[in-house]
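Trainee: Can we walk through this one together? I'd like to practise reasoning from the structure.

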Amino acid sequence: MSDNITVIKPLEGPMHGSTRVPGDKSISHRAVLFSAMAEGTSRVSGVLDSADVRSSIGAVRALGAQVSLEKQADGSLAGGITGWGAAGPSQPAEPVDCGNSGTTVRLLMGILAPWDIQVTLTGDSSLCKRPMRRITAPLMKMGARFLPEGRETLPITVHGGGLRPLTYDAPMASAQLKTAVLLAGMYASGTTTVNEPAPSRNHTELMLPEYGVATTAGACTASVTGPAQPQAGEVLVPGDPSSAAFLACAAVLRPESSIQIEDVSLNTARIGFVRTLERMGAQVSVTRTGAAGKEPYGIIEACYTPDLRGCEVPADKIAGIIDEIPVLALVAAHAHGITVFRQVGELRVKETDRLAAIMDGLAKLGVDTWCEGDDLYIEGQPGLQVPEGLEFDSLGDHRLAMTWSLVGLTGKVSVNIKDFEAVCVSYPGFLDDIERLAR
């Protein structure tokens with residue numbers, strides 16, 4: 001349809017068989033960025049080809065890295081990246097555009113902080129509304145400057161150089177914050193430590209040793225001792241569990257479905273959605289089959305589950321499922337009883353206000369939702385019947401686009417999605433992959 005409206009029709013039949021999902025977005029970003037920092041030429045493969053990762057590729061090219069990645073038969077990117085190494089990044093001629101990618105801009109702040117250059121970072125209209133103070137505050141404590149002073153949002157100019165180590169007690173669990181501080185800390189003389197109130201994704205701590213940089217990590221703490229110069233490494237990116245979550249949830253909701261998703265990252269900080277589905281009584285399981293460096297990967301299996309039940313997801317588990325809460329909320333809408341997601345205020349400052357969007361979308365389905373403080377409550381409706389003629393707005397958010405598409409794909413009536421193309425940020429082939437499983 002025109003006007004950026006896509007009609008999502010019910011699947012032709014149950015989902016069956018095996019599939020793979022594109023490379024992990026978080027690991028892909030880090031593979032590109034860490035390789036750009038390294039001395040020598042790194043080899044990377046399985047890199048996600050999406051708008052967000054392309055933002056990281058474009059940014060490091062603008063800063064002097066040589067990127068030679070080619071599209072592979074499976075749609076991934078692979079090849080060499082020659083970093084700027086000990087010489088440091090080049091002064092770009094113009095602002096570095098990070099598109100819609102929060103990971104790109106926040107990690108770049110830490111990457112640029114040690115160097116005596118001035119780089120203006122900007123992005124699209126959505127990214128320019130997202131909070132950056134959480135990143136700039138600890139980096140300023142280390143000695144970096146950001147102008148205009150006190151600026152909360154992009155565009156922001158980084159004035160780097162002359163960093164000192166820091167022990168930082170982060171106010172929230174955030175892998176982006178943790179990574180930015182650790183990357184800056186590599187170039188300070190001494191040990192930089194980030195302590196978090198709850199565990200966040202640990203890809204940085206697992207990947208830096210692959211580039212010759214030792215890290216110390218625990219459940220809620222991570223450290224690096226500088227000065228430490230990354231050296232060229234080799235990285236194989238496994239499948240993205242956040243993308244796999246949408247296929248798994250589709251199988252749980254679509255009658256008679258049973259699928260296997262292969263070669264997915266099974267990093268314990270990334271498969272919290274599986275544990276949440278298990279709490280709901282869903283038939284899901286994981287099987288480890290190998291490892292890429294220190295990143296475990298394997299198979300996620302998911303089957304249709306007619307008798308789902310509500311559950312409570314505690315606050316200390318939210319950081320590990322923050323990207324999957326929209327689709328888990330949709331599953332909760334089909335469950336017996338009430339599901340509670342504790343302390344999900346972070347959803348308000350993602351690509352859009354996902355908390356408001358979840359509540360608005362479920363209201364269209366006739367599902368009662370409410371907030372008490374930062375806690376989200378969903379009262380499920382087993383046997384939920386979707387009204388005809390529904391239209392959902394993705395608000396340009398890839399996770400919302402995929403979530404609301406499952407209403408049509410797993411149900412009995414079509415739905416309309418505004419700006420469904422937002423899926424290209426993380427999973428361009430999402431619709432093709434899910435329809436292929438139903439043929």
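Trainee: Does Y377 count as buried or exposed?
Mentor: Keep in mind that this is a predicted model. The cut-off for buried is under 20% relative accessible area. Y377 comes in at 13% relative accessibility, so the verdict is buried.

Trainee: And how is its ring partner W370 classed?
Mentor: W370 and Y377 form an aromatic pair, 5.3 Å centre to centre. W370 has a relative accessible area of 27%. That value falls between the 20% and 50% cut-offs, so W370 is partly exposed.

Trainee: What kind of pair do Y427 and F430 make?
Mentor: Both Y427 and F430 are buried. Their ring centres sit 5.6 Å apart, with the planes at 70°. Planes over 60 degrees apart get their own label, so this pair is edge-to-face.

Trainee: Moving on to pockets, which helix gives the largest share of the lining of the largest pocket?
Mentor: That pocket has a volume of about 740 Å³ and is lined by 36 residues. α1 (25-37), α3 (102-112), α5 (175-185) and α11 (398-409) each supply at least two of the lining residues. The largest share, four residues, comes from α1.

Trainee: Which strand supplies the largest share of the lining of the second largest pocket?
Mentor: The second largest pocket holds about 560 Å³ of space, and V21, P22, G23, D74 and S76 lie nearest its centre. Two strands, β3 (41-47) and β15 (258-265), each give at least two residues to the lining. The largest share, three residues, is from β3.

Methods:
Residues numbered from 1 in each chain as written. Predicted model: local features only at pLDDT ≥ 70, side-chain atom pairs only at ≥ 80, totals over all residues. Heavy atoms only, no water. Phe/Tyr/Trp six-rings, centres within 6.5 Å; stacked < 30°, edge-to-face > 60°. Buried < 20%, exposed > 50% of the residue type's maximum accessible area, 1.4 Å probe, protein only. 1 Å grid on protein atoms, 1.4 Å probe; cavity = no way out; pocket = protein on both sides within 12 Å on 5 of 7 lines; lining within 4 Å. Points joined across faces, edges and corners; volume = space filled by probe spheres on them.
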